[in-house]
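This report concerns a single protein chain. Please consult the sequence and the coordinates alongside the text.

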Amino acid sequence: MWTQLVTAVLLFGSVYAVLTLALNLQYARGGMINFGIVAYFAAGAYAYAIVTQDPPTETDQYMFGFAAPWWMGLIGAAAASFTFAVITGWPTLRLRGEYLALTTFAFAEVLGSLLLNDSRIGNGNLGLSNIRRPDISWTGLDDSIAYALAAMLLMIVTMLLFRRILASPYGRVMDAIHDDELATQAIGKRVTRIRLEVFLISAVPVGLAGAMYAMITTLVAPSLYTAEVTFTVWIALVIGGERTILGAILGTMLLILIQEGIRVYPFETVRGAQMASSAQEILTGILFIVILRWQPFQRLFRKERDA
């Protein structure tokens, strides 16, 4: 059970950590409140599924399936998330504060409704199953371990890329926009353009994380990409601490550890499993309150946050 738990935490924790890192770049460093990050996650997952899926037969409802190799699916996932960020970012990033939050949330809900009700995209509520995965038999590793390592690699690459950006003069401009947007405009910086660039940069790894999630679950369906994903990522960011890359990763891993720890526990009755589902929400809430009260991770990573 412990091996299964560790593998699940590294697997799903790494995927969600990519989303938390992207949100950290957008909100904690760029000042953009994105309540629709799940939409870019879903765009990457569906794009990967459509690019790699076999062409539809007479019994299928979806219209497109290109049967392309997995690496083309990754390219399609990154391109789809980037394109959706262009479509949604240009009109929304002119807004501020709660207006931006509500608009991004609305875009995510529109995409979710479209995926659910238009079966031509991805079979509607049924979704697309048996998603093609790369052949990893040459590694000699168990599938779950191999994909956990792949997810961790994506997380590490994203972390290093974002850290490099934040350590550059460009990152200093992002911090200046977050701290005082009017002053940054006064010294001649194009704030709207920079915010859009940050939005687009962070969307690419989110799309790749969506593709990775599709590989892991071998399924894409609207029920997997709800607002709960966005709220999970926001909670993870608050737990780990804003403006810190390591904190974003640690907060995500801790949150996924609680969720997966309850999920893998062998309950003997259906009633016990139902109570465990409620206990998961309760423990998450308690952890959230404790972190907000004592802020242990924020203090731990204070030097990185202030750098």
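The sections below treat the overall fold, the nonpolar cores and selected helices.

## Overall composition

The structure is a predicted model. The chain contains 14 helices and two strands. It has 307 residues, of which 49% count as buried. The accessible surface of the chain amounts to about 15200 Å², and carbon and sulfur atoms account for 65% of that area.

Contacts within the chain often link distant parts of the sequence: among those between residues at least 6 apart, 76% join residues at least 24 apart.

## Nonpolar cores

The largest nonpolar core comprises 76 residues. Those with the most contacts inside this core are V15, L19, L21, F41, V220 and Y225. Leaving aside residues up to four places away in sequence, L19 touches I37, F41, V206, A209, V229 and V233.

Another core, of seven residues, lies apart from the largest one. A236, I239, I258 and L287 are among its members.

## Helix α3 and the surface patch

Helix α3 covers residues 70-92. Its 23 residues should span 33 Å at 1.5 Å a residue, and the end C-alpha atoms are 32 Å apart, so the computed distance agrees with the expected one.

The buried residues of α3 are G73, G76, A77, A78, S81, F84, A85, T88, G89 and T92. They pack against α2 (37-52), α4 (97-117) and α9. A nonpolar surface patch of about 430 Å² is made by W70, W71, M72 and I75. M72, which lies in α3, has a relative accessibility of 38% and therefore counts as partly exposed, since that class lies between the 20% and 50% limits.

## G112 in helix α4

G112 is found in helix α4. Is this residue buried, exposed or partly exposed? The relative accessibility of G112 is 25%, so G112 counts as partly exposed; buried would require under 20%.

G112 and A43 are 69 residues apart along the chain, yet their C-alpha atoms are separated by 9.9 Å.

## Helix α7 and its cover

Helix α7 runs through residues 169-179. Within α7, the residues G171, V173, M174, D175 and I177 are buried. Which helices are included in the cover over the buried residues of α7? The cover includes α1 (2-29), α6 (143-167), α8 (181-186) and α9 (191-217). Helix α9 thus appears in two settings: α9 is among the elements covering α7, and the buried residues of α3 pack against α9.

Methods: Residues are numbered from 1 along each chain as its sequence is written. This is a predicted model: local features need pLDDT of at least 70, side-chain atom pairs count only at pLDDT 80 or more; totals for chains, interfaces and linings use all residues. Side-chain values use heavy atoms; hydrogens and water are left out. Buried means under 20% relative accessible area, exposed over 50%, partly exposed in between (1.4 Å probe, protein chains only). Helices (H or I, at least four residues) and strands (E, at least two) are DSSP runs, numbered from the N terminus. Contact means heavy atoms within 4.5 Å. A nonpolar core is a set of buried Ala, Val, Leu, Ile, Met, Phe, Trp, Tyr and Cys residues joined through side-chain atoms within 4.5 Å. Patches are made of residues with over 30% relative accessible area and no salt bridge: like charges are joined within 9 Å, nonpolar side chains (Val, Leu, Ile, Met, Phe, Trp, Tyr) within 5 Å. Accessible areas come from the Shrake-Rupley method with a 1.4 Å probe; for residues, only the protein chains shown count as cover. A salt bridge is a side-chain nitrogen of Lys or Arg within 4 Å of a carboxyl oxygen of Asp or Glu. The expected span of a helix is 1.5 Å times one less than its number of residues.
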